[in-house]
Amino acid sequence: MVAIRKKQLGRSVSIVGTGMSQFGAYKDKTTRDIFVEAFHDMMQHMDSGIDVQDIEAGYVGNYSSDLFEGQGHTAPIIADWLGMTPTPITRIENACASSGSALREGIMAIASGLYDVVMVGGVEKMTDLPTEGVTDVLASAADGLYEVPAGFTFPGIYGALAKAHMERYETNLDHLLKVGIKNHNNGSLNPKAQFNSTIKSLMDRRVARAEERGHQVPAWKNEMDFLNDEQCNPWIAWPLRLYDCAPITDGAACLLLVASEIAGNFTSKPVEIIGTGQATGRPLHDAEELTSLSATKYAATQAYEMAGLSPDQIDVVEVHDCFTIAEIVASEDLGFFSPGEGPRAADEGRTALDGDRPINTSGGLKAKGHPVGASGVAQVIEVFHQLRGEAGQRQLSSKDLEIGLTHNVGGTGGTCVVNIFRRV
């Protein structure tokens with residue numbers, strides 16, 4: 001077997017600006033409208049201005065505007081609405097890892113020396129379809145020959161992962177619920193989140209509504225009682241319930257990459273990309289085990305090696321929590337906890353804002369929202385703000401935050417992108 005050298009970028013790449021749309025449901029907006037909102041947010045919040053025509057290329061993650069909206073060839077249409085023609089803009093599709101993969105393409109475009117200034121974004125407009133239609137579109141990212149005919153929509157797929165984890169490591173339903181509670185607590189502090197409400201506030205609202213209408217007042221004592229009520233939190237695919245699942249979301253996210261040697265022209269606080277990894281895993285039906293995603297482990301190993309870091313050196317983390325079990329599995333696959341320790345870490349509050357290993361400070365996909373093509377870049381934006389001390393009420397209290405990591409998964413674990421960032 002040929003020896004392969006350690007992977008390193010040809011030159012350093014930095015992030016100098018970011019922008020996001022409000023995540024939510026917008027019947028009166030199209031994919032292009034939502035992306036323009038994110039792009040304008042980025043341009044308005046740049047520390048130093050930039051002319052649109054100075055952007056040399058763009059990569060846009062989008063899973064399926066074709067099926068969600070009936071609009072293909074999305075990238076050039078977005079470029080036209082941004083006033084970026086004739087700049088080359090390319091759409092990247094890798095299921096829910098589409099914009100994580102788009103970021104990789106942007107990084108390599110600059111590291112190769114081809115470009116100096118590149119826009120990377122992601123967008124999805126999902127709510128034009130009813131829930132069953134969205135389920136069908138998302139299921140097309142699973143294996144259509146083996147998984148879909150067996151009834152494995154994504155709740156069923158991650159339900160199988162959860163069941164396997166429960167059997168092997170004695171993970172229980174309360175562990176899953178506590179991940180959701182934590183991420184809603186974080187999302188309540190994020191003004192761009194689709195669900196910026198705590199589980200407790202949702203519970204209190206139900207109680208107040210019952211009182212106003214003269215109905216029997218529920219006897220919930222806390223959030224766990226509320227989430228264990230099947231009328232409020234119905235089963236979706238055992239052992240996953242409604243509040244274990246990320247929502248259907250419209251949204252876009254955008255960032256500007258530049259060669260690090262010119263980053264000072266745009267900001268005094270750039271965030272450098274010091275490690276990146278992408279890997280491909282087998283479809284779930286062919287996976288060696290169900291309590292881990294192999295692509296995450298391979299991608300993380302690449303990123304850690306490139307950065308010259310270990311998991312215990314990461315200060316802030318955004319992982320792909322499309323379902324609550326996905327956060328637990330990722331926390332173990334990324335090396336933050338040993339196999340089987342992830343559920344107990346969540347139970348003990350270690351992954352909360354004030355814990356020793358904060359995960360998904362943004363609210364994660366669970367509360368921030370999951371417009372599938374935009375989620376990877378949205379994760380990076382949270383890390384960018386955390387490292388620069390700009391995350392508002394959810395800002396981590398440590399004064400020496402330096403290193404962040406994002407983890408973006410596509411399909412049934414078939415794609416994983418891991419990136420590592422450093423505050424300069």
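In this predicted model, Lys192 pairs up with Asp41 in a salt bridge, and their closest N and O atoms sit 3.3 Å apart. Lys192 belongs to the loop between helix 7 (173-187) and helix 8 (199-212), while Asp41 is part of helix 1 (residues 31-44), so this contact ties together parts that are 151 residues apart in sequence. As for surroundings, Lys192 is partly exposed, with 23% relative accessibility, whereas Asp41 is buried at 15%.

Helix 7 also takes part in a salt bridge through Lys182, which meets the side chain of Glu327 at 2.7 Å, N to O. Glu327 comes from helix 11 (residues 324-333), so here the parts tied together are 145 residues apart in sequence. Glu327 has a relative accessible area of just 2% and therefore counts as buried. Lys182 is buried too, because its relative accessibility is 8% and the cut-off for that label is under 20%.

Another salt bridge joins Arg11 to Glu261, again with 2.7 Å between the closest N and O atoms. This one links distant parts of the chain: Arg11 lies in the segment before strand 1 (13-20), and Glu261 lies in the loop between strand 7 (250-259) and strand 8 (271-280), 250 residues apart. Buried or exposed, where does Glu261 fall? Its relative accessible area is 55%, so Glu261 is exposed. Its partner Arg11, at 19%, counts as buried.

Salt bridges also come as a network, which links Asp47, Lys269, Arg388 and Glu390. Over the whole model, the count comes to 20 salt bridges.

Key:
Residues are numbered from 1 along each chain as its sequence is written. This is a predicted model: local features need pLDDT of at least 70, side-chain atom pairs count only at pLDDT 80 or more; totals for chains, interfaces and linings use all residues. Side-chain values use heavy atoms; hydrogens and water are left out. A salt bridge is a side-chain nitrogen of Lys or Arg within 4 Å of a carboxyl oxygen of Asp or Glu. Helices (H or I, at least four residues) and strands (E, at least two) are DSSP runs, numbered from the N terminus. Buried means under 20% relative accessible area, exposed over 50%, partly exposed in between (1.4 Å probe, protein chains only).
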